[in-house]
Amino acid sequence: MDGERVQEPIMTTRIFLADEYQIVRQGLRALLEKETGLEVVGEAASGPAVMRQVQDSAPDIVILDLGLPELKGVEAIRQILTASPQVKIITLSIYDDRRFVVNILKAGASGYLLKDCAFEELIKAIRTVQESKTFLSPGLSDIVAQDYIEALRDSEVRFRTIFEVTTIGIALLDKDGRVVEGNPALQRMLGYSLSELVNQVFTVFILPEDASRCKALFRELVHGKQDSYQVEKKYVRKDGQTAWGRLNVSLVRGAKEEDHLAVCMIEDITAQKQAEKEIRTYQEQLRSVASELSLTEEQERRRLATDLHDHVGQILALAQIKLGAIRESVSSTQLVEPMNEVRRLIEQTIQYTRSLSFELSPPILYDLGFDAALEWLAELVQEQHGITVKVQTDRSSKSMNDEIRVILFQAMRELLVNVAKHANAKNIRVFIAREDATLQVKIEDDGLGMGISADAAKGPFGFGFFSIRERLKYLGGHLEVVSEPGWGTRVTLQVPLKY
């Protein structure tokens, strides 16, 4: 047995016959049963029977008469392939019209046999489609090829029309990145004629500092590491002027690597970049205005607080002193109690004035620093709103100028008041820490949360967050917000200590 050669089993191809006429089916069956490896597993004479039995018998190939009752032509092919996608279909027909043949092949047929050639060509057709190729009766190949040529010609006309009239610059590049062809829009964008563009390496039109990166991307494209890439770069015109372009580069693969072509589409985005630059300038101007408004507001607060303290407060204190002296000199007991009442009213007014001047602009912020001012603010919020507010600081030195101090304190005051009014929180924790030349302040609460992302500007705090974020950006800082419904909110402010 060791010396005997074991033969591999022959794979059987299962075939289903679908033809209206029994005599045709009998003839085809007789022909097929003579061949080794072919087995007829079923046959039918009408569309519904074909659909039902093909699914039950699971053939590999269906020999399909295109004139089948109740299910004809393209529709028959589509329905069979929809129900049994793995099946290959060889069609039988008496028509040799080019449009008819092409549409049958487009519908998914693997072969097209003229009925008068069926008995001579069927076995060859089966062997051909078994190899996943397409079989056509002799004489049909030329007319199908002609249709294919016309389709290519139509495609070329459509491509050439788009290539010529589009406002986007298009360049065809060879595998070395040299221009093979460039459309009129590209010629206008770069200021070169077609003859000047052809054979130029595309990096000639890119700034030197960007050339190496663009070359690396192009090499990856040609070597199949990626199918396309997009970059936004400045390009250089013939007159030396530069403009912005968005480059989309895709690879069209040839049979060999040297046959590869790259399609480079260049959209002029100079106006867009200019608009973006203007928007950034406006944003910086608005941030500057917002910062100046914050400082102006604080200066006005300090002026009012100083006026209240130095003038109104002093006048009230002097009035209380004089009233006390008058009270001591009055002998009538009837005036003592009314004068005491007036002194109490003046005392309350003094206390209110002192408190108001402190809230307008706490001198602690300037005399004792940001940490102490924030601790005072926490006590005030706790007293006014009944919320527990705890401040934890690393007690490190945090020297900062008035602009940073004022904007950061105003931001914390807005955040604490908003939490107290809207978050339905019971506890607020504030953490202050210095990291090198950066100050970080975190505020956390156990409130309802807002269901927003770190960059959101929605909900009751939306505009407040936006305003604070823009003011911090002006100082070179940023704001982060993390919040989920039912899990409270964490806000982090980070600013450089020097600006």
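Tutor: One term before we dig in: a contact here means heavy atoms within 4.5 Å. And keep in mind that this is a predicted model.

Student: Got it. Which elements do the buried residues of α2 pack against?

Tutor: Start with who is buried: in α2 that's Gly47, Ala49, Val50, Met51, Val54 and Ser57. These buried residues have strands on their list of partners as well as a helix. The full set is β1 (13-18), β2 (38-44), β3 and α3.

Student: Let's take the helix partner. Are α2 and α3 roughly parallel or roughly antiparallel?

Tutor: α2 covers residues 47-57, and its axis lies 10 Å from that of α3, at an angle of about 25°. Angles under 35 degrees count as roughly parallel, over 145 as roughly antiparallel. So α2 and α3 come out as roughly parallel.

Student: Which residues of α3 make that contact, and what's the hand of the crossing?

Tutor: α2 passes α3 in a right-handed crossing. On the α2 side the contact is made by Val50, Met51, Val54 and Gln55. The residues facing them from α3 are Gln79, Ile80 and Ala83.

Student: How many charged residues are in the contact of α2 with α3?

Tutor: Sort the contact by class and you get 5 nonpolar and 2 polar residues. As for charged ones, the contact has none: no charged residues.

Student: Now Ile104. Is it buried or exposed?

Tutor: Ile104 sits in helix α4, residues 98-107. Beyond its neighbours within four places in sequence, Ile104 is in contact with Leu66, Gly73, Val74, Ile77, Thr91, Ala109 and Tyr112. Its relative accessible area is 1%, and the cut-off for buried is under 20%. So Ile104 is buried.

Student: Which loop holds Glu70, the non-glycine with a positive phi?

Tutor: Glu70 has a phi of about 70° although it is not a glycine. It counts as exposed, at 66% relative accessibility. Its loop is the one between β3 (61-65) and α3 (73-83).

Student: And Asn199, with its positive phi: what is its relative accessibility?

Tutor: Asn199 has a phi of about 75°, again without being a glycine. It lies in the loop between α8 (194-197) and α9 (208-222). Asn199 counts as exposed, since the cut-off is over 50% and its relative accessibility is 52%.

Student: On to salt bridges. How far apart in sequence are Glu35 and Arg127?

Tutor: Their side chains meet in a salt bridge, 3.7 Å from N to O. Glu35 is in the loop between α1 (22-33) and β2, while Arg127 is in helix α5 (residues 118-130), so the bridge links distant parts of the chain. The separation is 92 residues.

Student: In the pair Arg471 and Glu414, which residue counts as buried?

Tutor: The closest N and O atoms of this salt bridge are 2.9 Å apart. It joins helix α15 (residues 462-474), home of Arg471, to helix α14 (residues 402-422), home of Glu414. Glu414 is partly exposed at 28% relative accessibility. At 6%, the buried one is Arg471.

Student: Which residues are joined into one network by salt bridges that share partners?

Tutor: The model has 22 salt bridges by the rule used. Where salt bridges share partners, they join residues into one network. Its members are Glu232, Arg246, Glu267, Lys273 and Glu276.

Terms used: Residues are numbered from 1 along each chain as its sequence is written. This is a predicted model: local features need pLDDT of at least 70, side-chain atom pairs count only at pLDDT 80 or more; totals for chains, interfaces and linings use all residues. Side-chain values use heavy atoms; hydrogens and water are left out. Helices (H or I, at least four residues) and strands (E, at least two) are DSSP runs, numbered from the N terminus. Buried means under 20% relative accessible area, exposed over 50%, partly exposed in between (1.4 Å probe, protein chains only). Axes are lines fitted to C-alpha atoms, for helices over the stretch in contact, and angles run from 0 to 180 degrees between N-to-C directions. Angles under 35 degrees count as roughly parallel, over 145 as roughly antiparallel, 65 to 115 as roughly perpendicular and the rest as oblique. A crossing is left-handed if the near helix is turned anticlockwise from the far one by less than a right angle, and right-handed if clockwise. Ala, Val, Leu, Ile, Met, Phe, Trp, Tyr, Cys and Pro count as nonpolar, Asp, Glu, Lys and Arg as charged, and the others, Gly among them, as polar. A salt bridge is a side-chain nitrogen of Lys or Arg within 4 Å of a carboxyl oxygen of Asp or Glu.
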